[in-house]
Each structure stands twice: as structure tokens, then as C-alpha cells.
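Grab a coffee and work through these short exercises with the structure open beside you. Try each task before reading its solution.

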Amino acid sequence: MLSRVSRLLLKLAGWKLEGAAPASTRTVVLAAPHTSKWDFYYMLLMNWCFGLKVSWMGKAPMFRPPFAGLMRFLGGIPVYRDTGSGMVDQMKAAFDEADFLRLLIPVEGTR
């Protein structure tokens, strides 16, 4: 049901789905171009169309109550920028801890 609704919403927005889910259980996916706040919603809809569980990085404050549970449910992984370890180290640790992780990284021109 979620897949059908997602496909309909994407079609209404003018998107066409192609391809298939990656076979690997530990993958980094680069999503480009990241041009608008709507990219996040389109990403969720595409994931649901393909039946994927994809994770993404977000600033740690996004994971505070009352939205912490929702952000994690949607695949979010908090990034703590106030600690001594960098983002790469944190993502490496996330991959080391998980048997299954598809990390989506939206590429921006400013980063």
C-alpha cells in the first residue's frame, strides 16, 4: 500500500522511477543534485517505492524530543559535531556496528 501511494505521489510530481535496489547490504549512495528541501521527501517516497531501508545523516539537534523517534524511524543517523571525532569517523563507527546499512548522502554544491 505504501509503495503504491508513493508511486502515485511521485508520478503526480513528475518523477519517473528507474533502476533497482543495490544488492549489497552495506552501501554508500550519493544523491545528486541536492537542490531543495523537497529532496528529502522525494527520497523517502522513492525508498518506499523500492521497499528500501535507507539511512541518512542529520545534525544531532534534529534527534531531540519530540521528533527523535520519528527521525530514527525515517532512517536518520545523528551526527555530533561538538565531539572530538569527525563525521567520517562517526559514519565508519555506524558501519562497523551494523550488519545492514545503506547510507544516502545528498551532495550539495556548498559542502
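**Exercise 1.** Find the residues that L74 touches, leaving aside its neighbours within four places in sequence.

*Solution.* Keep in mind that this is a predicted model. Start at L74 and skip those sequence neighbours: the contacts are then F40, L44, W48, V54 and W56. Next, look for the largest nonpolar core, which has nine residues. L74 belongs to that core, and so do its contacts L44, V54 and W56. The other members include M43, L52 and F63. Finally, look for a second core: apart from the largest one lies a set of eight residues, with M91, A94, L101 and L103 among them. As background, nonpolar side chains in soluble globular proteins tend to be buried together.

**Exercise 2.** Is L8 buried, partly exposed or exposed?

*Solution.* First place L8: it sits in helix α1, residues 2-12. Its relative accessible area is 48%. Buried would need under 20% and exposed over 50%, so L8 counts as partly exposed. Then check its company: M1, V5, L9 and L12 join L8 in a nonpolar surface patch with about 550 Å² of accessible area together.

**Exercise 3.** Work out the pattern of helices and strands along the protein chain.

*Solution.* Count the elements: four helices and four strands. Reading along the sequence gives α-β-α-β-α-β-α-β. Now compare sizes: the radius of gyration is 15 Å, close to the 13 Å from the globule rule for 111 residues, so the chain is as compact as a globular protein of that length.

**Exercise 4.** Which loop holds P66?

*Solution.* Look between β2 (55-59) and α3 (68-73). While you're there, check the peptide bond from P65 to P66: it is cis, with omega near 10°.

Methods. Residues numbered from 1 in each chain as written. Predicted model: local features only at pLDDT ≥ 70, side-chain atom pairs only at ≥ 80, totals over all residues. Heavy atoms only, no water. Patch = residues over 30% accessible without salt bridge, like charges linked within 9 Å, V, L, I, M, F, W, Y side chains within 5 Å. Areas by Shrake-Rupley, 256 points an atom, 1.4 Å probe, with all protein chains shown as cover. Salt bridge = Lys/Arg side-chain N within 4 Å of Asp/Glu carboxyl O. Helix = DSSP H or I, 4+ residues; strand = E, 2+ residues; numbered from the N terminus. Buried < 20%, exposed > 50% of the residue type's maximum accessible area, 1.4 Å probe, protein only. Core = buried A, V, L, I, M, F, W, Y, C linked by side-chain atoms within 4.5 Å. Contact = heavy atoms within 4.5 Å. Rg over C-alpha atoms; globule rule 2.2 N^0.38 Å.
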